[in-house]
Amino acid sequence: MIRKLALKSADSLGGSLAVVPDFVWRIDEVESFVKTKMTMIQVHVDAVDKKIESEVGSLRRELSDKIEENAGEVNHRFEKLDSKSEMLEKKLGELGAMEFFSKEDLEKIFGDLMNVKGADNGDKKVSLDDIIMTTRDMLLKENQRLSRVDYALSSGGAMVVRHSEPFIIGKVRRWFRKISLTTVYRDSENMLKPSFGEPDQCFPLKGDSGFVQIRLRTTIIPEAITLEHVAKAVAYDISSAPKNCRVYGWHRGYNADIVIETGKIFLLAKFSYDLQKSNAQTFNVLDSVGSGLVDTVILDFTLNHGNPSHTCIYRLQVHGNEPTSVSMLATQS
């Protein structure tokens, strides 16, 4: 191209052809130089492209590794968050099942205070201090009940050894275990452990009357009995709660097959479970029991709150103190 332009330029100027060879040589030299530089530039461009591509690929891999690493951390954090959410949901469920003072409870407190004030001095005005003092006394009594040791707790060694016919749906032959000459329904253990306020976490017995015999974890001097049912706010059917109850006790000792003599059995408590009160109700042992020792009790209920098909026992607790004297145990055995 450069050569053609040069020749045309020489022709148009009418110049001598003597200088053409030298001029052509210079043109060839320039063309060679240009080609060399273009080749070098192309090599540099290719090298730069490869370097950019390599660095971009490295950055992509690094970014991908970071994303995967962060994704694992994010997933771990989400798993921890899910775990905490489940724990919070469980705690909220337990909190929702707890029996706080309802409007009816406060009205009852207020009514009782008015009756007491009126009976004392004819003045039926009730102050805020009166309500606070009465509520505090009730909370202290509730806290005292909750802080008592439960000797009928399955995790502590207590167990159901006999009961009336259970309420069963479907085939449950595999649910029975053998104890002496009696059969015990495995779900009977539900009544010897906390239910955490969950409906149906109970031991259902057939009909509106029945009994459950329990071997306590050790020999005690009984003080009180606590019977618990599911809270009304979450209950599917409150009519399955037991109503008229008696609790008997005796000391059987180490002989599990001993024939119970009527004279050795004594009535510990007689009470009626009230649906209008707290779902966990405590009843003191009768004064006639004195310092008698027991290691076995029977809960006997003759009526429930209206359910003809079954009665649910959510939890039975037996409170008391362990005897300190060995001679007392020897006398009772």
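In which loop does Asp 200 lie? I looked this up at the start and found Asp 200 in the loop between β3 (182-185) and β4. I note here that the model is predicted.

**Entry: Asp 200**

I next looked up the backbone of Asp 200 and found a positive phi of about 75°, although this residue is not a glycine. Most residues other than glycine have a negative phi. I also looked up the accessibility of Asp 200, whose relative accessible area is 51%. Asp 200 is therefore classed as exposed, since the class begins over 50%.

**Entry: the chain as a whole**

I then turned to the overall composition. The protein chain has 333 residues, of which 29% count as buried. I found five helices and 11 strands in the protein chain. I also looked up how far apart in sequence the contacting residues are. Among contacts between residues at least 6 apart in sequence, 76% join residues at least 24 apart.

**Entry: strands β4 and β10**

How do strand β4 and β10 pair, in the parallel or the antiparallel sense? I found the antiparallel sense, with four bridges between β10 and strand β4, which spans residues 203-206. Within this pairing I noted that Leu 205 stands opposite Thr 311 in β10. I then looked up the side chains of strand β10, residues 310-313. His 310 and Cys 312 point one way, while Thr 311 and Ile 313 point the other way. I recorded all four of these residues as buried.

**Entry: cysteines**

How many disulfides does a search of the whole structure find? I recorded zero. Cys 202 is in no disulfide, and the nearest cysteine sulfur to it, that of Cys 312, is 3.3 Å away. A disulfide requires the two sulfur atoms to be within 2.5 Å, so this pair does not count as one. The entry for Cys 312 agrees: Cys 312 is in no disulfide, and its nearest cysteine sulfur is that of Cys 202. I also looked up the accessibility of the two residues. Cys 202 is counted as buried because its relative accessibility is 6%. Cys 312 is counted as buried too, at 7% relative accessibility.

**Entry: Asp 295 and Leu 293**

I located Asp 295 in strand β9, which covers residues 294-304. Is Asp 295 buried or exposed? I found a relative accessibility of 2%, so Asp 295 counts as buried. Leaving aside neighbours within four places in sequence, I found Asp 295 in contact with several residues, among them Ile 214, Arg 215, Leu 216, Trp 250, His 251 and Arg 252. Asp 295 is 46 residues from Gly 249 in sequence, and their C-alpha atoms are 7.5 Å apart in space.

I found Leu 293 in the loop between β8 (280-284) and β9. Leu 293 has 0% relative accessibility and therefore counts as buried. Its C-alpha atom is 7.2 Å from that of Pro 222, with the two positions 71 residues apart in the sense of their separation in sequence.

**Entry: Val 161**

I looked up Val 161 and found this residue in strand β1. Val 161 is buried because its relative accessible area is 11%. I then looked up a partner distant in sequence. Gln 213 is 52 residues from Val 161 along the chain, and their C-alpha atoms are separated by 5.8 Å.

**Entry: Ser 154**

Where is Ser 154 found? I placed Ser 154 in the loop between α4 (128-146) and β1 (159-163). Ser 154 counts as buried because its relative accessibility is 17%, and the class covers values under 20%. Leaving aside neighbours within four places in sequence, I found Ser 154 in contact with Glu 189, Leu 192 and Lys 193.

**Entry: internal space**

Last, I looked up the empty space inside the model. Rolling a probe the size of a water molecule over the atoms shows where empty space is left. I recorded one cavity of 30 Å³ or more. The largest cavity has a volume of about 60 Å³. I found 11 residues lining the largest cavity, and the closest to its centre are Val 230, Lys 232, Leu 275, Lys 277 and Asn 279. I divided the lining of the largest cavity into five nonpolar, two polar and four charged residues.

Notes
Residues numbered from 1 in each chain as written. Predicted model: local features only at pLDDT ≥ 70, side-chain atom pairs only at ≥ 80, totals over all residues. Heavy atoms only, no water. 1 Å grid on protein atoms, 1.4 Å probe; cavity = no way out; pocket = protein on both sides within 12 Å on 5 of 7 lines; lining within 4 Å. Points joined across faces, edges and corners; volume = space filled by probe spheres on them. Nonpolar A, V, L, I, M, F, W, Y, C, P; charged D, E, K, R; others polar. Buried < 20%, exposed > 50% of the residue type's maximum accessible area, 1.4 Å probe, protein only. Helix = DSSP H or I, 4+ residues; strand = E, 2+ residues; numbered from the N terminus. Contact = heavy atoms within 4.5 Å. Pairing = 2+ DSSP bridges.
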